[in-house]
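Biologist: I should like a close look at a single part of this structure, with its surroundings described residue by residue. Please give one connected account.

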Amino acid sequence: MATVKSSSMPTRSTLPASGGSRLLRPLLAVAALVLVAGASVATTWMITTRMHESETQAQQAQAQGPDGPVPVTYKAPPATPVAVPAPIFFALEPFTVTVSGPADDLDRILHVGITLRVADEQSRQRIEKYLPEVRSRVLMVLSAQPAQTIHTQQGKQDLVAAVIQAVSRPFSPLPDGQAVTDVLFTAFVVQ
């Protein structure tokens, strides 16, 4: 009698997955990612170098005059940087004055904050010492302004010039004036 032996060999579906195929797929994915990233970097590098070369050529073409290249002179920087003096500011308390409006309009109120920029410490000390006179001069200038002109940029610039002139005048016993270099508005309201 013939006996049938059952095969003890496992089928393919029951075999465990081999270790090589489990690692092969992620490695292929990483390799593809590195290849794409490398191609992207190479393309970006090529484009930027071409753009830089074309900009350099354009600059060289502009630097050439009708008779050929224009020589470029090199000026060496100073050994020590030039010391720039620190700015000196003197803030005045805000002013509120009445300014005249047009003939058919009512008077307006001007509220303005002013900071003076002076050239030296002596001028700052003089302004501080004669502060009531400085405030009086500024009030006189501000109240003399017509409302319709201080709304414009030119009107504000004219006001700055007038305040500089008024504050720079010498005070009564002193022979020379103060060195006011600028007038800065820190508040400016017209109602």
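The account below begins with one strand and then turns to the loops and rings around it.

Modeller: The model is a predicted one, and I take strand β5 as the part to examine. β5 comprises residues 108-118 and pairs with β3, residues 88-91, in the antiparallel sense over four bridges. Strand β4, residues 95-99, also runs antiparallel to β5, and five bridges join the two. To β6, β5 is joined by nine bridges, again in the antiparallel sense.

Individual bridge partners give these pairings a residue-level description. In the pairing with β4, T98 stands opposite I109 of β5. R117, which belongs to β5, is the bridge partner of F89, and R117 also stands opposite D182 in β6.

R117 therefore merits a description of its own surface and contacts: its relative accessible area is 34%, so the residue is partly exposed. Setting aside residues up to four places away in sequence, R117 touches P87, I88 and F89, and also A179, V180, T181 and D182. The C-alpha atoms of R117 and A179 are separated by 8.8 Å, although the two residues are 62 residues apart along the chain.

A119 is placed in the loop between β5 and α2. Not counting residues up to four places away in sequence, A119 touches I88, A179 and T181. The C-alpha atoms of A119 and F89 are 9.0 Å from each other, with these positions 30 residues apart along the chain.

The next element to consider is helix α2, in which R126 is found. R126 has a relative accessibility of 12% and so counts as buried. A polar atom of the R126 side chain lies 3.2 Å from the backbone oxygen of G177. Beyond its neighbours within four places in sequence, R126 is in contact with F171, L174, D176, G177 and Q178.

Q178 itself is placed in the loop between α4, residues 153-168, and β6, residues 180-190. Its relative accessibility is 5%, and Q178 therefore counts as buried. With neighbours within four places in sequence left aside, Q178 is in contact with S123, R126 and I127, as well as V167, S168, R169 and F171.

F171 leads to the aromatic rings. A pair of such rings is described by the distance of the centres and the angle of the planes. A search of the whole structure finds two aromatic pairs. One of them is formed by Y130 and F171, which are stacked, at 4.5 Å centre to centre and with 15° between the planes. Y130 lies in the loop between α2 (121-129) and α3 (131-143), whereas F171 lies in the loop between α4 and β6, so this pair ties together parts that are 41 residues apart in sequence. Y130 counts as buried because its relative accessibility is 18%, which falls under the 20% limit for that class. F171 is likewise buried, with a relative accessible area of 1%.

The other pair consists of F185 and F188: their ring centres are 5.1 Å apart and their planes stand at 65°, so the pair is edge-to-face. F185 counts as partly exposed at 28% relative accessibility, and F188 also counts as partly exposed, at 25%.

A further ring has a charged partner: R135 lies over the face of F95, at 4.2 Å from the ring centre.

The nonpolar interior completes the picture. In soluble globular proteins, nonpolar side chains tend to be buried together. Here the largest nonpolar core has 27 residues, and L116 and V138 are those with the most contacts inside it. At least two residues of this core come from each of β3, β4, β5, α3, α4 and β6. V138 touches L92, F95, I114, V163 and V167, residues up to four places away in sequence not being counted.

Taken together, β5 pairs with β3, with β4 and with β6, and it is also among the elements that supply the core.

Note on methods. Residues are numbered from 1 along each chain as its sequence is written. This is a predicted model: local features need pLDDT of at least 70, side-chain atom pairs count only at pLDDT 80 or more; totals for chains, interfaces and linings use all residues. Side-chain values use heavy atoms; hydrogens and water are left out. Buried means under 20% relative accessible area, exposed over 50%, partly exposed in between (1.4 Å probe, protein chains only). Contact means heavy atoms within 4.5 Å. Two strands pair if DSSP finds at least two bridges between them. Rings of Phe, Tyr and Trp (its six-membered ring) pair if their centres lie within 6.5 Å; planes under 30 degrees apart count as stacked, over 60 as edge-to-face and the rest as tilted. A charge sits over a ring if NZ of Lys or CZ of Arg is within 6 Å of the ring centre and within 35 degrees of the ring normal. A nonpolar core is a set of buried Ala, Val, Leu, Ile, Met, Phe, Trp, Tyr and Cys residues joined through side-chain atoms within 4.5 Å. A polar contact is a pair of N or O atoms within 3.5 Å; within protein, one must be able to donate a hydrogen and the other to accept it, and residues adjacent in sequence count only if both atoms are side-chain atoms.
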